[in-house]
Amino acid sequence: METVVSGIRPTGNLHLGNYFGALKSFIQMQNEYNCYFFIADWHSMTTHPKPGDIQRSANTILAEYLACGIDPSKCAIYFQSDVKEVLELYLYLNMNTYLGELERVTSFKDKARKQPNNVNAGLLTYPTLMAADILIHKAAKVPVGKDQEQNMEMARKFARRFNSFYENDFFPEPASFSLSNKAIKIPGLDGSGKMGKSEGNCIYLIDDDKTIQKKVMKAVTDAGPQTPNSEKPESIQNLFTFLDIVSSKEAYNFYDEKWNDCSIRYGDLKKQLAQDIIAFTSPIRERIMEYSANTELLKKIAKEGAEKSQENAAKTLAEVRHIIGFR
Ligand code: TRP
């Protein structure tokens, strides 16, 4: 079975865009691959979070991923910071990584521009840490979004470099498994094409019924169709895309016909949509609450995940040490 590795950046609560994006792919993959999913808490340190924030956001993410269907009996789910083998590989990879190539990474340049007073070495070597995460498990596939493509190219380059320096084929080159191509794109309800945290238009999995209702009722619409069977403008198409994802075929067709004969009432459509989103998210929300309240269980799951990951990581590292000459 092929090995898959992916890191989850601990940034805030999960929203529907995340769910239908990365998460659904992860849930599918855990049935088909040998999966290592981890919460990238070391990577998050480039921005100097407070101790309490690290702890809180880590537990929240774990609870949310479990609630969505990440199954610890099918994959290893763990905290990056629990598998210290990664750090040793990070050090070795850094010895063969050059300042010039790290400085050329687009996301480094962006962040250096955004936080000019905190251009730290961890930020610079972000790609080597990410490569270590991946190579420590000799992953064949890495599910990532388009924004991670340059980091993935670096990981492949570091694998090739190690292999050619030591004249072997120890590390497989990890392939990107594009989430952007497979994922269902969730639109924003503000008329924009995408639901995202930076867009500020998210419906979160932990939102309660009232909050969801409010967000949906506020969705951007227009004056309504003026001629039968006209094309839908983006904001209206977004509502239909949403219906298509969370509602029944009948509901979708009902409103589509109403659009086509110009008798659509957006208020009714929104009510339906809110109801169907709530039906979808409320069982997930309940499970998030259950997991969040059970810190003992979260600890146990994280410990078991770390052990699974460590066992595999230690094997890789022993071989790497041998190849390098530490015998
Ligand atoms: N850099 C990734 C992101 O920002 C997170 C990440 C860290 C990751 N290590 C990884 C993803 C290893 C895949 C594999 O989303």
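This passage describes the surroundings of the ligand and the aromatic contacts in a predicted model.

The shell around the ligand consists of Ser6, Gly7, Arg9, Phe38, His43, Tyr126, Met130, Asp133, Ile134, Val142, Val144 and Gln148. Sorted by class, six of these residues are nonpolar, four are polar and two are charged. Polar side-chain atoms approach the ligand at several points. For arginine 9, such an atom lies 2.7 Å from an oxygen atom of the ligand. For tyrosine 126, a polar side-chain atom is found 2.7 Å from a nitrogen atom of the ligand. The side chain of aspartate 133 has an N or O atom at 2.8 Å from a ligand nitrogen atom. Taken on its own, the ligand has 360 Å² of accessible area, and the protein covers 94% of this area.

Two or more residues of the shell are contributed by each of strand E1 (3-8), helix H7 (126-135) and strand E4 (141-144). Of the shell residues, the largest share comes from H7, which supplies four.

Aromatic side chains also contact one another in the model. The count of aromatic pairs is 13. In one of them, the ring centres of phenylalanine 162 and phenylalanine 170 are 6.3 Å apart. The planes of these two rings meet at 50 degrees; an angle that is neither under 30 nor over 60 degrees counts as tilted, and the pair is therefore classed as tilted. Both phenylalanine 162 and phenylalanine 170 are buried.

Phenylalanine 170 also pairs with phenylalanine 171, with 4.9 Å from centre to centre. Here the angle between the planes is 70 degrees, and the arrangement is edge-to-face. The relative accessible area of phenylalanine 170 is 10%, so this residue falls in the buried class, for which the cut-off is under 20%. Phenylalanine 171 has a relative accessibility of 2% and therefore counts as buried too. These phenylalanines belong to one aromatic cluster, formed by Phe162, Phe165, Tyr166, Phe170 and Phe171.

Lysine side chains are placed over aromatic rings at two further sites. Lysine 232 is positioned over the face of phenylalanine 240, 4.4 Å from the centre of the ring. In the other case, lysine 249 lies over the face of tyrosine 252, and the distance to the ring centre is 5.4 Å.

Key:
Residues numbered from 1 in each chain as written. Predicted model: local features only at pLDDT ≥ 70, side-chain atom pairs only at ≥ 80, totals over all residues. Heavy atoms only, no water. Near = heavy atom within 4 Å. Polar contact = N/O pair within 3.5 Å; in protein donor to acceptor, adjacent residues only side chain to side chain. Areas by Shrake-Rupley, 256 points an atom, 1.4 Å probe, with all protein chains shown as cover. Nonpolar A, V, L, I, M, F, W, Y, C, P; charged D, E, K, R; others polar. Phe/Tyr/Trp six-rings, centres within 6.5 Å; stacked < 30°, edge-to-face > 60°. Buried < 20%, exposed > 50% of the residue type's maximum accessible area, 1.4 Å probe, protein only. Lys NZ or Arg CZ within 6 Å of the ring centre and 35° of its normal.
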